[in-house]
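Here are some exercises to help you find your way around a new structure. Work through each task with the model in view, then follow the solution step by step.

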Amino acid sequence: MSEIKNKKQIKSKQRVADHGEVFTNEREVNAMLDLVKNESERIDSRFLEPAMGDGNFLAEVLNRKLNSVDVKYKNVQFEWERYSIIALSSVYGVDLLEDNAIECRNRLFQLFDSRYSNLFGEKCNESCKSSARFILNRNILWGDALDFTNPVTKKPIIFSEWSPVNGTLLKRRDFIFKFLVEKSHQFSMFNDEGNVGSIDEPVKDYPLIHFLKLGEEDAN
Ligand SMILES: C[S@@+](CC[C@H](N)C(=O)[O-])C[C@H]1O[C@@H](n2cnc3c(N)ncnc32)[C@H](O)[C@@H]1O
């Protein structure tokens, strides 16, 4: 993971003092991910980093997932696209500092895009890149993982669950992060029938969409 090897572990002393921002180095990232090696290499395993920084762990998770995609699908472009979108859609992160969230998103996109370009060159589809961007904008968020809100707007952090359906379609369901974490919430939430609600209930449910059409949502 040469990407991390040459990377600085701190941005400034002030940020270390204010936010404890010290990035984990390559050796520790790999040693920790090796503790869950199979999961880190499984294309659709879900990972969430609640204080991701600019993504040292998430970048390596994506790297490992994309290695698995390459091994199986590098000779079939459509399948590589489909599985790399599934890999991206299962990686989540939050950071308190907005610049970290932006850098992490860009970093994960570059990781995906450089592999995609290396494999398929001029045959790469803009629609696939747009879908990748759309998912990263939804999955890699600027937020406070202690109170589960955006630090400025104070709106709740909402994560999207992406589930593949019938091969080429994706189902998106949105969940409030706080409710996913604080299981106690389920005892104070009631559903439409007046019964105790389940934390499994999404706040929004979207129609099925083709995995190469997600970027069109941005344009609308
Ligand atoms: C020690 S760094 C670790 C970064 C990354 N996980 C890594 O291992 O390279 C801690 C990170 O937590 C973030 N952070 C601090 N308080 C936070 C909070 N309440 N919610 C979300 N992120 C927070 C900081 O901005 C910083 O990026």
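A polar contact here is a pair of N or O atoms within 3.5 Å. Keep in mind throughout that this is a predicted model.

**Exercise 1. Which polar atoms of the protein lie within that cut-off of the ligand's N or O atoms, with Leu96 as one case?**

Step 1. Begin with Leu96: one of its backbone N or O atoms lies 3.2 Å from a nitrogen atom of the ligand. That distance is within 3.5 Å, so the pair counts as a polar contact.

Step 2. Look at Ala51 next, where a polar backbone atom is 2.8 Å from a nitrogen atom of the ligand.

Step 3. Asp95 takes part through its side chain, with an N or O atom 2.8 Å from an oxygen atom of the ligand.

Step 4. Now ask how much of the ligand is covered. On its own the ligand has 600 Å² of accessible area, and the protein covers 84% of it.

Step 5. Widen the view to the surroundings: there are 21 residues around the ligand, and those that come nearest are Thr24, Ala51, Asp95, Asp144 and Ala145.

**Exercise 2. Describe the protein chain as a whole.**

Step 1. Take the secondary structure: the chain has 10 helices and 7 strands.

Step 2. Turn to burial, where 47% of the 220 residues count as buried.

Step 3. For the surface, the accessible area comes to about 11,700 Å², and carbon and sulfur atoms hold 52% of it.

Step 4. Finally, consider contacts between residues with a separation of 6 or more: 67% of these join residues 24 or more positions apart.

**Exercise 3. What end-to-end span should helices α7 and α6 have, and what does the model show?**

Step 1. Helix α7 covers residues 98-120, which is 23 residues. The expected span is 1.5 Å times one less than the number of residues, so α7 should span 33 Å.

Step 2. The end C-alpha atoms of α7 are 33 Å apart, in agreement with that expectation.

Step 3. Do likewise for α6: its 13 residues should span 18 Å, and its end C-alpha atoms are 18 Å apart, which agrees.

Step 4. Look just past α7, where Gly121 follows with a positive phi near 45°.

**Exercise 4. Is α6 enclosed or open to the outside?**

Step 1. Count the buried residues: 11 of the 13 in α6 are buried, so this helix is largely enclosed by the rest of the structure.

Step 2. Find some of them in the model, including Trp80, Tyr83, Ile85, Ile86 and Leu88. Charged residues are also on the list, among them Glu81 and Arg82.

Step 3. Identify the cover, which includes α5, β2, α7, α8, β4 and β5.

**Exercise 5. Which residues of the largest nonpolar core touch the most other members?**

Step 1. The core has 49 residues, and Leu108 and Phe112 touch the most other members.

Step 2. Several elements give two or more residues to this core, among them α3 (26-34), α5 (56-73), α7 and α8 (126-139).

Step 3. Trace Leu108: apart from residues up to four places away in sequence, it touches Leu58, Ala59, Leu62, Val91, Leu136 and Ile140.

Step 4. Set this beside a general tendency: in soluble globular proteins, nonpolar side chains tend to be buried together.

**Exercise 6. Compare Phe148 and Asn166 by phi and by burial.**

Step 1. Recall the background: most residues other than glycine have a negative phi.

Step 2. Phe148 has a positive phi of about 65°, and Asn166 has a positive phi near 50°.

Step 3. Place them: Phe148 sits in the loop between β3 (140-142) and β4 (158-165), while Asn166 is in the loop between β4 and β5 (169-176).

Step 4. Check accessibility. Phe148 is buried because its relative accessible area of 7% is under 20%. Asn166 has 69%, which is over 50%, so Asn166 is exposed.

**Exercise 7. Where is Phe177, and what does it contact?**

Step 1. Phe177 belongs to helix α9 (residues 177-181), and it is buried, with a relative accessible area of 4%.

Step 2. Beyond its neighbours within four places in sequence, Phe177 contacts Leu48, Val94, Ala145, Phe148, Ile157 and Phe159.

Step 3. Take Ile157 from that list: although 20 residues separate it from Phe177 along the chain, their C-alpha atoms are 5.6 Å apart.

Key
Residues numbered from 1 in each chain as written. Predicted model: local features only at pLDDT ≥ 70, side-chain atom pairs only at ≥ 80, totals over all residues. Heavy atoms only, no water. Helix = DSSP H or I, 4+ residues; strand = E, 2+ residues; numbered from the N terminus. Buried < 20%, exposed > 50% of the residue type's maximum accessible area, 1.4 Å probe, protein only. Contact = heavy atoms within 4.5 Å. Areas by Shrake-Rupley, 256 points an atom, 1.4 Å probe, with all protein chains shown as cover. Near = heavy atom within 4 Å. Polar contact = N/O pair within 3.5 Å; in protein donor to acceptor, adjacent residues only side chain to side chain. Core = buried A, V, L, I, M, F, W, Y, C linked by side-chain atoms within 4.5 Å.
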